[in-house]
2 protein chains.
Amino acid sequence: MPERRVTMADVARKAGVSPTTASFALSGRTDMRISDASRRRVLEAARELGYRPNVTARSLRTKSTQTIGFVSDRITTTPFAGEVIRGALEAARERDHLLFITEAGGDRAAESSLVHALLDRQVDAVIYASMFTRYVTPPKELFGRRVVLLNCLAPGFDAPSVVPDELEAGRDAARALLAAGHREGIWAIGGHQAVPATPEGIIAGNERMRGLEEVLRAGGARLDGVVECDWNTPDGHREVSALLAAGHRPRALVCLTDRVSMGAYQALGEAGLSVPGDVSVVSFDDQDIAAVLRPALTTLKLPHYQLGRRAVELILRKGPLEAVVHRVPMPLRERASIGAPAEG
Amino acid sequence: MPERRVTMADVARKAGVSPTTASFALSGRTDMRISDASRRRVLEAARELGYRPNVTARSLRTKSTQTIGFVSDRITTTPFAGEVIRGALEAARERDHLLFITEAGGDRAAESSLVHALLDRQVDAVIYASMFTRYVTPPKELFGRRVVLLNCLAPGFDAPSVVPDELEAGRDAARALLAAGHREGIWAIGGHQAVPATPEGIIAGNERMRGLEEVLRAGGARLDGVVECDWNTPDGHREVSALLAAGHRPRALVCLTDRVSMGAYQALGEAGLSVPGDVSVVSFDDQDIAAVLRPALTTLKLPHYQLGRRAVELILRKGPLEAVVHRVPMPLRERASIGAPAEG
DNA sequence: CCCCTTTGTTAAATCGGATTAGCAAGTTGC
DNA sequence: GCAACTTGCTAATCCGATTTAACAAAGGGG
């Protein structure tokens, strides 16, 4: 049985002052006059007793719990998105805040009840996060609260969003290919996902493709074709096999995810083509497999850690939140899958 | 600005009773006599006003916050271990509890300060989790508290542990090979990790190997050799390549992790050997890649989701916790990498 | 010497509930 | 008809802090 916690009353008693004085001495407020002698005695007593304020009790009066709620659809499960949580956790720790993590699994009713559970515990603010970048409508319980949208957008909902800069990432993919000398024989595998079967495609696909096409065109290069397909390994394998079987001979593939790239690798390998000797590959996401594939995959990293961190930094900033979209850069991870275009 | 929360006083006023009566009516306690009429009026008023109790305020009196602290070294980051959190989250939600998730990143000082932050917020209990199964010494602040150790063991620390049943998993790997007809040409890649460079090997390696050898021997089979190496993809690739180069011709490989298996696949492929036609592979962990490799990998799943769930279920059980080790089964995921032994 | 500040401190109220102790009105027992 | 219960409810206190209001004591000015 844990011994009774030391309270401020204990500290005050030991220091020979009233609880009021102890409170002011400990909070270090200067608007209430406390003599240096008293202050020192209180601080000393607190140190000796190992006093720690009861945040719960304090919050009853101050309304602040130094606590943030984190509501997501299913973020812990997404293999690489755990980084979002780590980023949020670290930023929160630096500011002496704790995070209630919750997952509603896409269930609206569960989402509402979790938000209630958070509000019942007096969280100071709520981060509403999605595992893939997409449009959302937050539960009504969050209206009028201090909220930051993480990896999602909600037009009409008055809160800032933090999302990856997919547009610039598309441009960077194009720049990487141009820099290696590619001008033709370039194919995109995965496409816009204009009517997506894969939820993560909704926004990312469009923006990546838009940035890609813009810079390729400006650089005097041509996109030979766009293969629209889902974003998983079997899709990449199937579509690239089909592409080769149809007689096409791409010099560079822009795969919309690392999983698609893995499928592309398999298909190229089966066709006896080497990466990057015969075909260069540039990808998006930087999942774990990207570094492990042979050759290692050059890819534009989804900045999950930074997304989590930025959301917390934003929400703990003083002052009101502005409904602005914050775009976090997607760094290029240069590895071994891009080479000079093959002759022929 | 969110409008003022409805308090119990509001409900009492609307129902025309005292706060005391409202409190008893709402908590539904039967030891204090409240007339059915009053009870109904209070419940009705609460419903109409949308009253929700302030858990923080309540906890000041009751000491219970319906809140659990979760301290880990770096669990969100470990790609597949996020399932631990999901299991814990779901079990907690079913019981109307919320989780404070924290990560100390292996830093003892950070760990202490996080535990303090949790205790300052009056958590009812703490789950102390490790990303890999290993021996730990929890921070002294947790002594005498309600604690469950998750995926770790702490001899001398009075708390239950929840860990994967690695021993039985080793046995199951052996049984799977025996069932396919394997009796010889069996090699283990990864080994005991008696003096491990890879932290996850400390306990898992020993137990997996012990179970494996026990059942193989009992089944009249022989383990031709054990290759001691780290547990990552390059290690599997290197060691299996070396094994083949040395003239060995294994019929079955027991790879101690899926990452080692992936390396083994690469090495076998480069040598022109097929799985499972020439060589069967059985593995441990069931990371995401296991299902994606070609052929799909037969592996013993680390039950992360169940570990998280069990820990929460245990900690929320009434009554004192017993310092017992709970072993969670590792289910066999039968896929396509085990076949009959090759002739030869 | 008295009034007015300034300084240092504390009693008391507050936050939103839970809990203890007690009080009025109606019933029962004899 | 009065003590003893039972029923139904409420006043008051507590939980551990913060904050407001007020109050002594000391110093300064005239």
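What does a polar side-chain atom of A:Ser23 lie 2.8 Å from? I looked this up and found a phosphate oxygen of DNA strand D. I took a polar contact to be a pair of N or O atoms within 3.5 Å; within protein, one atom must be able to donate a hydrogen and the other to accept it, and residues adjacent in sequence count only if both atoms are side-chain atoms.

**Ground rules.** I note that this is a predicted model, in which local features need pLDDT of at least 70, side-chain atom pairs count only at pLDDT 80 or more, and totals for chains, interfaces and linings use all residues. Residues are numbered from 1 along each chain as its sequence is written, chains are lettered from A and ligands numbered from 1 in the order in which they are written, and side-chain values use heavy atoms, with hydrogens and water left out.

**DNA strand D.** I went on with the contacts of this strand. A backbone N or O atom of B:Ser35 lies 2.7 Å from a phosphate oxygen of strand D, and a backbone N or O atom of A:Ala57 is 3.2 Å from a base nitrogen of that strand. Elements giving two or more residues to the surface near strand D are H2 and H4 of chain A and H2 and H4 of chain B. I use helix and strand labels for DSSP runs numbered from the N terminus (helices H or I, at least four residues; strands E, at least two). H4(A) has the largest share of this surface, five residues.

I listed 26 residues around strand D, the closest being A:Met8, A:Arg29, B:Thr21, B:Arg33 and B:Ser38. Near means that a heavy atom of the residue lies within 4 Å of the molecule or strand. Of the strand D atoms within 4 Å of the protein, 55% belong to sugar or phosphate and the rest to bases.

**DNA strand C.** I then turned to this strand, which has 28 residues around it; A:Thr21, A:Arg33, A:Ser38, B:Met8 and B:Arg29 come nearest. A polar side-chain atom of A:Arg33 is 3.1 Å from a base nitrogen of strand C. Two phosphate contacts involve chain B: a backbone N or O atom of B:Met8 lies 2.7 Å from a phosphate oxygen, and a polar backbone atom of B:Asn54 is 3.4 Å from a phosphate oxygen. I found that H4(B) gives the most to the surface near strand C, with five residues.

**Chain A, domains.** I read two domains in chain A, domain 1 (8-53) and domain 2 (166-302); the bounds come from an automatic or database domain assignment. Their centres, taken over C-alpha atoms, are 64 Å apart.

**Backbone geometry.** I checked the cis peptide bonds next. One joins A:Val275 and A:Pro276, with omega about 0 degrees, and A:Pro276 sits in the loop between helix H10 (258-270) and strand E9 (280-285) of chain A. Another runs from B:Arg294 to B:Pro295, with omega near -5 degrees; B:Pro295 is in the loop between helix H11 (288-292) and strand E10 (298-301) of chain B.

I also looked up positive phi values in residues other than glycine. Phi of A:Asp285 is near 115 degrees, and this residue is in strand E9 of chain A. A:Asp285 is buried at 2% relative accessible area. I call a residue buried under 20% relative accessible area, exposed over 50% and partly exposed in between (1.4 Å probe, protein chains only). Phi of B:Asp96 is near 55 degrees; B:Asp96 lies in the loop between helix H5 (82-94) and strand E2 (98-103) of chain B and counts as exposed, at 58% relative accessibility.
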